[in-house]
Structures are given as C-alpha cells and as structure tokens.
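Trainee: Please pick one part of this model and take me through it slowly. I'd like to know what surrounds it and how its residues connect to the rest of the chain.

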Amino acid sequence: RLLSLLMVTTGAFAITACTQLPQTKATAGQEPAEASEEQPKALYEWDGGGRGISRVVIDLDEQKAIFYNGADRIGWSSVATGIDYFATPKGQFKITEKVADKRSNLYGRIYSSSGKLAAVNARKGVHRIPPGGRFQGANMPYFMRLTSGGVGMHGGPIPDPGTPASHGCIRLPQDIAPIVFDHVRVGTPVKIVG
C-alpha cells in the first residue's frame, strides 16, 4: 500500500518508460528557439525517399540512430535508449517482428475501478492492481522487435535529446517512427554500439 502511494506521489517525476507524451507536430521534441531567433535543433533527417533501410546503427553514447541503404547513409535520428538500470543491450540484432499498434505487456499505468490513475511507471506483476482496477500497457507505436525479451525500436518521447530515458527500448521521435517502420523489413540488421 505504501509502495502504491509512493508511486502515485512520485510518478510525475519518474522515468516515463515507453509512455507517450503529447507533442505538437511543429515542435515535436525540438528544443525551443532562443531569443537570438536560432532555429530549433532537428531531431531527425530523412533523405531516403522510397529507398528501403538495409541496416541500422544505434550509438548509445551519441543517442543516435543512423539509417543506411547499402553504403549510402539515408537518414539519422535522435533516440532515447535505456537508463543504466534498464540498459539497452549492445550487439548485433535483426528486426524479428513489426507491430504498428503495440502496447507494452510489462510497463504502463494502473487505474482504479473508477478509472482514476492509481500508479504511473508501474510494472505488471510487480505492482498491485486494486480490486476492479486495470493495468494499461505503455503505448509503443511502430514497434520493431530486436530481442525476445521485448526490446525494440518504436515511437516515443525524447524528453532530453542526447540522454537515455527508457526501460531498454530505443525510442524514435514520433514523426520518423512510421517512416523507419515502413522502410525496414523483418530481418533488417540493427547494430547497437557504445
């Protein structure tokens, strides 16, 4: 009971797992312009047109993904990977599954029987669901699975570009996630370094 109370009172300050935060299209994840009229910093760039992505390299140190078609670099994106306690694994992977509308079966929110938010950043099976309540998994749109343990790339918030922020998944900005999803196939190699 005390743990549930602590989760509710501290939840606003917790890592948001793979939860979506509202963003506007014009400024989705971009840093605000400074008084000097400087342009907002871009979170991604896509030059691939209709060409497919033949491989992806994710750099944990830089918090960036680079997309290739053969030897040609066709785009890049800021990412938010796992915090230390939930580190994103390094190594060679392949996309094994693509699901456009996926929800986490591990992390999410718990609601009371009346529909009120009871806990954020909850882990199913660890945090108690009140009688009549429900667990709602975090939204992970355009999910591209890399491991059998549930780590993958998907759309999500990039709260502080250049800083890890997830429970192990590789979050892509909302606007480029569907582009990457549409241009990879099951079997596309993904190398995670750093």
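Mentor: Let's take the largest pocket, starting with its lining: the residues there divide into 10 nonpolar, seven polar and three charged. Keep in mind that this is a predicted model. The pocket holds about 280 Å³ of space. Its lining has 20 residues, and those nearest the centre are L106, Y107, G149, G150 and V151. Two elements give two or more residues each to that lining, namely strand 6 (97-111) and strand 8 (134-145). Strand 6 supplies the largest share, six residues. So let's follow those two strands.

A bit of context before we zoom in. The protein has two helices and 11 strands. Read from the N terminus, the elements run α-β-β-β-β-β-β-β-β-β-β-α-β. Of the 194 residues, 41% are buried. If you take the contacts between residues at least 6 apart in sequence, 62% of them join residues at least 24 apart. Strands 6 and 8 give us some examples of pairs that are apart in sequence.

Start with the salt bridge between E97 and R145, whose closest N and O atoms are 2.6 Å apart. E97 sits in strand 6 and R145 in strand 8, so this pair ties together parts that are 48 residues apart in sequence. The two ends sit in different surroundings: E97 is partly exposed, at 28% relative accessible area, whereas R145 counts as buried at 17%. As a rule, side chains of opposite charge can pair when their charged atoms come close.

Now, what about K102, which also lies in strand 6? K102 is buried but has no salt bridge, and its nearest side chain of opposite charge is E97, 5.3 Å away. The cut-off for a salt bridge is 4 Å between a side-chain nitrogen and a carboxyl oxygen, so at 5.3 Å the K102 and E97 pair doesn't qualify. Leaving out residues up to four places away in sequence, K102 touches A138, N139, M140, P141, F143 and R145. Notice R145 in that list: that's the residue that forms the salt bridge with E97.

Further along strand 6 you come to G108. At 3% relative accessibility, G108 counts as buried. Apart from neighbours within four places in sequence, G108 is in contact with A119, V120, N121 and A122, and also with F135, Q136, G137 and A138. Look at N139 from here too: G108 and N139 are 31 residues apart in sequence, yet 8.1 Å separates their C-alpha atoms.

Let's cross over to Q136, which has its place in strand 8. Q136 is partly exposed, with a relative accessible area of 26%. Its contacts, again leaving aside neighbours within four places, are R103, G108, R109 and Y111. So which way does the G108 contact read? From G108, Q136 is on the list, and from Q136, G108 is on the list. Q136 and Y111 are 25 residues apart in sequence, with 7.7 Å from C-alpha to C-alpha.

R134 is also found in strand 8. At 42% relative accessibility, R134 is partly exposed. Beyond its neighbours within four places, R134 is in contact with R109, I110, Y111 and I129. R109 and Y111 appear among the contacts of Q136 as well, so you can trace both residues when you turn the model. If you look from R134 towards G115, the two are 19 residues apart in sequence and 8.5 Å apart in space, C-alpha to C-alpha.

One last stop, outside these two strands. The count of salt bridges comes to two, and besides the E97 and R145 pair there is R51 with D72, where the closest N and O atoms are 3.3 Å apart. R51 lies in the loop between strand 1 (44-46) and strand 2 (55-59), and D72 in strand 4 (residues 72-78), 21 residues apart. Both partners are partly exposed: R51 at 34% relative accessibility and D72 at 42%. Set that beside the E97 and R145 pair, where R145 counts as buried.

Conventions: Residues are numbered from 1 along each chain as its sequence is written. This is a predicted model: local features need pLDDT of at least 70, side-chain atom pairs count only at pLDDT 80 or more; totals for chains, interfaces and linings use all residues. Side-chain values use heavy atoms; hydrogens and water are left out. On a 1 Å grid over the protein atoms alone, a cavity is a set of points where a 1.4 Å probe fits but cannot get out, and a pocket is an open set with protein on both sides within 12 Å along at least five of seven lines; lining residues have an atom within 4 Å of a point. Grid points are joined across faces, edges and corners, and a volume is the space filled by probe spheres set on the points. Helices (H or I, at least four residues) and strands (E, at least two) are DSSP runs, numbered from the N terminus. Ala, Val, Leu, Ile, Met, Phe, Trp, Tyr, Cys and Pro count as nonpolar, Asp, Glu, Lys and Arg as charged, and the others, Gly among them, as polar. Buried means under 20% relative accessible area, exposed over 50%, partly exposed in between (1.4 Å probe, protein chains only). Lys and Arg count as positive and Asp and Glu as negative; His and the chain ends are not counted. Contact means heavy atoms within 4.5 Å.
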